[in-house]
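Work through the exercises below with the sequence and the model open. Try each task before reading its solution.

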Amino acid sequence: MSLTNLREQIDAIDSELVSLLNRRAEISLQVGKQKAGEPNVRIFAPERERDVIQRVLALHSDGALPKDALVAIYREIISASIALQRPITVAYWGPPGTFTHMAALQRFGSSAQFHDASNIPSIFGEVERGLADFGVVPVENSTEGVVNYTLDMFHETELKICAEIYINIAHQLVSQAKSIADIKRLYTFSQPLGQCKQWVETHLPNVPIVETMPTSRAAERASEDPEGAGISTEKAAEIYGVPILQPHIEDNANNRTRFLVIGRNEPPQTGRDKTSVLFAVKNEPGSLGRALRAFEDHNVNLSMIASRPTRNVSWEYVQFADFQGHEKDEPVQRALAELRKHSIYVNVLGSYPEG
Ligand SMILES: O=C(O)C(=O)C[C@]1(C(=O)O)C=C[C@@H](O)C=C1
């Protein structure tokens, strides 16, 4: 078959695709109008989005289009669909090019409006004050563990966790220096440094660390300092025009970070949900053990628990925990009731579809 003929076939398919996409958009506008009339139904429906994506993946069977590409296309279709209903603003930990920016783009697509906040408390603040509809914050990394800056914010917010995002994390050593031996300073901070610890200890053993947050700021500093290097994302290296001297310096090839979407949505039960809680146990022997037994007794699977000091009383801790199930599921309700018996307080931070 000739090239002209093949291109004619592509043109014919595109005509069908465009008309189908327009039909989908018209229906999405109608959905938006219905939602506007119902008080607790929100524009962003992460549980429905997961169903849509799973359904198209099932339809795909073994088609030629890579599955990741199909998911990316649908993320953009849904992103445009949300923007049609009402433009939404998403605050993330900037400047542009951070992993949080990449996670926000992956989840909300390019039709959302993004705003870069200068630190994690500002993201919470922007959503609380209504300047952004949602915020995206990092919560844990598969190599480095929890992000304390984020966990500590949940003590003082009334926002809810409404979705989670997982992304693969690759770190690049960016520098204008000709070789690794010429580097005199390394711009980075605890999280990326911890994920590249072995590489840095082997290749930059005596190089002083200049604490710089977040990753894209490290790329910016490296772009201004001919003898400096930064641990950065690929996107930030591109934005600040600083060469990648050594790609993939992360110690673990399966390095992943989990992000949370915070806002005022409270997604319904789907049968595959997660719940996050903050609780403080009574200061008496065995209380944490008894509190945790509440989950075991009711067959609720705890996926993460982290202790953080309370800010007001020394040596007192609050626990941040994630478990499978929705706040409205019966076993979860029973586990929470028992947890409350052993705790000074329990704050449910949100139930959301498992990522
Ligand atoms: O089903 C809805 O609630 C919609 O608004 C439609 C739609 C979509 O385009 O598929 C758009 C936004 C929601 O987050 C989920 C799905």
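**Exercise 1.** Find where proline 214 lies in this predicted model, and state the form of the peptide bond from methionine 213 to proline 214.

Solution. Start with the elements on either side: strand 8 covers 209-211 and helix 9 covers 215-224. Proline 214 sits in the loop that joins them. Next, read omega for the bond from methionine 213 to proline 214, which is near -15°. That bond is cis. For background, most peptide bonds are trans.

Now repeat the steps for proline 95. The loop that holds proline 95 runs between strand 1 (89-93) and helix 4. The bond that leads from glycine 94 into proline 95 has omega near 0° and is cis.

**Exercise 2.** Classify serine 61, histidine 248 and arginine 311 as buried, partly exposed or exposed.

Solution. Take the cut-offs first: 20 or more other C-beta atoms within 10 Å make a residue buried, 12 or fewer make it exposed, and values in between make it partly exposed.

- Serine 61, in the loop between helix 2 and helix 3, has 6 C-beta neighbours inside 10 Å, so it is exposed.
- Histidine 248, in the loop between strand 10 (244-246) and strand 11 (256-263), has 14 C-beta neighbours inside 10 Å and is therefore partly exposed.
- Arginine 311, in the loop between strand 13 (302-309) and strand 14 (317-324), has 11 C-beta neighbours inside 10 Å, so it is exposed.

Then look at the backbone. Most residues other than glycine have a negative phi. Serine 61 has a positive phi, near 40°. Histidine 248 also has a positive phi, near 50°.

**Exercise 3.** Which domains give residues to the largest nonpolar core?

Solution. List the domains: domain 1 (87-169 + 259-265), domain 2 (172-254) and domain 3 (266-353). The largest nonpolar core has 57 residues, and the members that touch the most others are Val90, Ile123, Val136, Val137 and Ile262. Helix 4 (residues 99-108) contributes six residues, the most to this core. Domain 1 and domain 3 both supply residues, so the core lies between them.

Take isoleucine 262 as a case. Beyond its neighbours within four places in sequence, its contacts include Phe124, Val127, Phe134, Val137, Leu159 and Ile161. A second core is separate and has 19 residues, among them Ile183, Ala218, Ala219 and Ala236.

**Exercise 4.** Describe the contact between domain 1 and domain 2.

Solution. Begin with the distance: the C-alpha centres of domain 1 and domain 2 are 24 Å apart. Then take the residues in the contact, 13 from domain 1 and 16 from domain 2. Last, sort the side of domain 1 that touches domain 2 by class: seven nonpolar, five polar and one charged.

**Exercise 5.** Which elements give two or more residues to the shell around the ligand?

Solution. Write out the shell: Ser28, Val31, Phe44, Ala45, Arg48, Glu49, Val52, Ile78, Ser81 and Ile82. Match these residues to the elements: helix 1 (3-37), helix 2 (46-60) and helix 3 (67-85) each give two or more. By class, the shell holds six nonpolar, two polar and two charged residues.

**Exercise 6.** How far apart are arginine 311 and glycine 241, in sequence and in space?

Solution. In sequence, arginine 311 and glycine 241 are 70 residues apart. In space, their C-alpha atoms are 41 Å apart.

Definitions and conventions: Residues numbered from 1 in each chain as written. Predicted model: local features only at pLDDT ≥ 70, side-chain atom pairs only at ≥ 80, totals over all residues. Core = buried A, V, L, I, M, F, W, Y, C linked by C-beta atoms within 7 Å. Helix = DSSP H or I, 4+ residues; strand = E, 2+ residues; numbered from the N terminus. Domains from an automatic or database assignment. Contact = placed C-beta atoms within 7 Å. Near = placed C-beta within 6 Å. Nonpolar A, V, L, I, M, F, W, Y, C, P; charged D, E, K, R; others polar.
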